[in-house]
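Student: I've got a protein model open and I'd like to talk through its side chains with you. Can we take it one question at a time?

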Amino acid sequence: MSTPTMAPAKTPQETSIPLDAVRERLRRKGSLKGRQPDDASRAEVRALVGTGPLRRDLLIEYLHVLNDQYRGLYQRHLVALAAEMRLGMAAVVEVASFYHHFEVLADDATPPRLTVRVCDSLSCAMAGSAA
C-alpha cells in the first residue's frame with residue numbers, strides 16, 4: 001500500500017496595486033445602485049404619510065393615500081416611499097402592481113380624470129352585482 005504524498009504548500013504571490021486604484025474601486029462599490037429618490041418626491045411622500053419610522057404593515061395604506069392624492073402611483077413616489085420605509089423597490093412595486101385598485105404610472109404620465117371600476121368577481125356577484 002502506498003502512502004499519500006502531500007503537495008508542497010503554495011506561497012501567495014504579492015501584487016502591487018496603486019493606492020488610488022484601490023480607493024477608486026472602493027468608492028465605486030460603495031455607491032448606491034438603481035434609481036434614487038429626489039428631494040421633491042420625498043417631501044411629497046412625507047407630507048402625506050408622515051415622518052419617522054414607517055410601519056411595514058401599513059404599506060398598502062400608504063399606497064392608498066398616494067393613489068388617492070395623485071390619482072395614481074407615480075414611479076418617483078414609489079421610489080421615495082421605498083426609501084422612506086427602508087424597503088427594496090421590488091417589494092413596493094410588487095404590492096402596488098398586484099392590487100388592481102392602484103394605477104402605477106410613469107413619471108411623465110397624466111392620470112385619468114375619472115376612473116370607473118366594475119367589480120365582476122364572485123364575491124360581488126354573490127352580493128347582487130348582476131342585478
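Student: Let's start with Arg 23: is it buried, partly exposed or exposed?

Tutor: Keep in mind that this is a predicted model. Arg 23 has a relative accessible area of 46%. Buried needs under 20% and exposed needs over 50%, so Arg 23 counts as partly exposed.

Student: Which residue forms a salt bridge with Arg 23, and how far apart are the closest N and O atoms?

Tutor: The partner is Asp 20, and both residues lie in helix 1, three residues apart, about one turn of the helix. Asp 20 itself is exposed, at 59% relative accessibility. The cut-off for a salt bridge is 4 Å, and the closest N and O atoms of Asp 20 and Arg 23 are 3.7 Å apart.

Student: Helix 1 also holds Val 22. Which nonpolar patch is Val 22 part of, and what is its accessible area?

Tutor: Val 22 is partly exposed, with a relative accessible area of 34%. A patch residue needs over 30%. Val 22 joins Ile 17, Leu 19 and Leu 26 in a nonpolar surface patch, and together they have an accessible area of about 360 Å².

Student: Back to charges: which residue does Arg 55 meet in a salt bridge, and at what N to O distance?

Tutor: Arg 55 is partly exposed at 47% relative accessibility. Its partner is exposed at 56%. That partner is Asp 57, with an N to O distance of 2.6 Å.

Student: Where do Asp 107 and Arg 76 lie, and how many residues apart are they?

Tutor: Their side chains meet in a salt bridge, 3.9 Å from N to O. The pair links distant parts of the chain: Asp 107 is in the loop between strand 2 (104–105) and helix 6 (122–126), and Arg 76 is in helix 4 (residues 75–85), which puts them 31 residues apart.

Student: Which residue is linked with Arg 76 and Asp 107 in a network of salt bridges?

Tutor: Both of those residues are partly exposed, with Asp 107 at 27% relative accessibility and Arg 76 at 22%. The residue that joins them in the network is Arg 35.

Student: Which ring does the charged end of Arg 76 sit over?

Tutor: The cut-off here is within 6 Å of the ring centre. The charged end of Arg 76 is 4.6 Å from the centre, and the ring belongs to Tyr 74.

Student: Now the aromatics: how many aromatic pairs are there, and which residues do they link into a cluster?

Tutor: The count comes to two aromatic pairs. Phe 98 and Tyr 99 have ring centres 5.1 Å apart and planes at 90°, so they are edge-to-face. Tyr 99 and Phe 102 are edge-to-face too, with centres 6.3 Å apart and planes at 85°. So that's two pairs, and the cluster is Phe 98, Tyr 99 and Phe 102.

Student: Is Phe 102 buried or exposed?

Tutor: For context, Phe 98 is exposed at 57% relative accessibility, and Tyr 99 is partly exposed at 35%. Phe 102 has a relative accessible area of 7%, so the word for it is buried.

Student: Last one: which cysteines form the disulfide, and why is it called right-handed?

Tutor: The structure holds one disulfide, formed by Cys 119 and Cys 124 with their sulfur atoms 1.7 Å apart. It is called right-handed because the torsion about the S-S bond is about 90°.

Notes
Residues numbered from 1 in each chain as written. Predicted model: local features only at pLDDT ≥ 70, side-chain atom pairs only at ≥ 80, totals over all residues. Heavy atoms only, no water. Phe/Tyr/Trp six-rings, centres within 6.5 Å; stacked < 30°, edge-to-face > 60°. Buried < 20%, exposed > 50% of the residue type's maximum accessible area, 1.4 Å probe, protein only. Lys NZ or Arg CZ within 6 Å of the ring centre and 35° of its normal. Patch = residues over 30% accessible without salt bridge, like charges linked within 9 Å, V, L, I, M, F, W, Y side chains within 5 Å. Areas by Shrake-Rupley, 256 points an atom, 1.4 Å probe, with all protein chains shown as cover. Helix = DSSP H or I, 4+ residues; strand = E, 2+ residues; numbered from the N terminus. Disulfide = S-S within 2.5 Å.
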